[in-house]
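Please look over the model below before reading my notes. I have kept them to the surface, the ligand site and the core.

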Amino acid sequence: MPWMSTNTSTIGFIGAGNMATALIEGLLANGYSPASLWASDTSDTRLAALSQKGVCTTADNSVLVSKCDIVVLAVKPQVMATVVSAIAPTLAKHDCLLISIAAGITLASLSQWSHPRQRIVRCMPNTPALVQLGASACCGNSMISQSDRDATTAIVDAVGISCWLDNEKQIDAVTALSGSGPAYFFLLMEAMQQAAAALGLSEDISRTLCLQTALGAATLASRSAVDVQELRRQVTSPGGTTEAAIRQFESEKLREIVMRAMQQAALRSEELAKN
Ligand SMILES: NC(=O)c1ccc[n+]([C@@H]2O[C@H](COP(=O)([O-])OP(=O)(O)OC[C@H]3O[C@@H](n4cnc5c(N)ncnc54)[C@H](OP(=O)(O)O)[C@@H]3O)[C@@H](O)[C@H]2O)c1
């Protein structure tokens, strides 16, 4: 993480819940100094836990903004308008980069609640960020610079990997893929464990073998030089067991089901952003 070793930016998190804590832990694990991190929250307990790690804390979001070069908005989407409107006067006086990780909150809304010249990045992380295996996609408004992009990348990469989108509209597709994606794999694993139990395995063995198979398949795919289609071909011997299962998936139109499911997720993401 080259940016982190040289950068002296102070980073604040408004909302010290699951995602903010994961990001803070990722930054600390990557060598970032706790004295350069701030967190604010309505919960004293959450702040006390971070304070014990050396992170600076405050119950006042405006104080946090006044102390930081980068402010990460990590509150729930429903309270975002109230939170950003309340810190807007401080943002107007204090130049900082605003990064929102809230689902469904657009750059236009964030700009409207803060001020038109505010530098804003919108990121869509996912839950594996909690175990430092997140996948995030980011986009920014026209006010951000290359160094804002680099700083954002360094923060979200502390909990996984990230990419930048050409335009904000693509966030809906990202939400349908990596945002909601962990649940699709959970559903498939759930179904596989049920099927294994029906085939005579114990719940314990079904779970252990299923989770390790998912982990192994994802690791193999991420380390392989060939794409997943080719990996599937390589493990599907003609006339074998895998081919029998794959033929069944294909005849029951698994690909079309996935296409329709992800279209629904993207549509819902678009609707939530409009609301
Ligand atoms: N979790 C995920 O996997 C995930 C994935 C993608 C995006 N996100 C986004 O990440 C954001 C945070 O999600 P999360 O799961 O980390 O939520 P969370 O655990 O509920 O954390 C939000 C924190 O913000 C606090 N808060 C509420 N109002 C506040 C205020 N006015 N000022 C300061 N803090 C306030 C909450 O306190 P109280 O509990 O007392 O209200 C809570 O501690 C959301 O916008 C979500 O859309 C999350």
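**Notes on the model**

1. Leu 130, Val 131 and Leu 133 make up a nonpolar surface patch, with a joint accessible area of about 310 Å². Patch members have over 30% relative accessible area and no salt bridge, and nonpolar side chains (Val, Leu, Ile, Met, Phe, Trp, Tyr) are joined within 5 Å. A salt bridge puts a side-chain nitrogen of Lys or Arg within 4 Å of a carboxyl oxygen of Asp or Glu. Areas are Shrake-Rupley values with a 1.4 Å probe, and for residues only the protein chains shown count as cover.

2. This is a predicted model: local features need pLDDT of at least 70, side-chain atom pairs need pLDDT 80 or more, and totals for chains, interfaces and linings use all residues. Numbering runs from 1 along each chain as its sequence is written, and side-chain values use heavy atoms, without hydrogens or water.

3. Leu 130 sits in the loop between strand 6 (119–124) and strand 7 (134–140). Strands are DSSP runs (E, at least two residues), and helices are runs of H or I (at least four), numbered from the N terminus.

4. The ligand has 18 residues around it (a heavy atom within 4 Å). Asn 18, Met 19, Asp 41, Val 75 and Thr 127 come nearest. A backbone N or O atom of Val 75 is 2.6 Å from a ligand oxygen. The protein covers 76% of the 890 Å² of accessible area that the ligand has on its own.

5. The largest nonpolar core has 30 residues. Such a core joins buried (under 20% relative accessible area) Ala, Val, Leu, Ile, Met, Phe, Trp, Tyr and Cys through side-chain atoms within 4.5 Å. Helix 2 (18–29) gives the largest share, 5 residues.

Note on methods:
Patch = residues over 30% accessible without salt bridge, like charges linked within 9 Å, V, L, I, M, F, W, Y side chains within 5 Å. Polar contact = N/O pair within 3.5 Å; in protein donor to acceptor, adjacent residues only side chain to side chain. Buried < 20%, exposed > 50% of the residue type's maximum accessible area, 1.4 Å probe, protein only.
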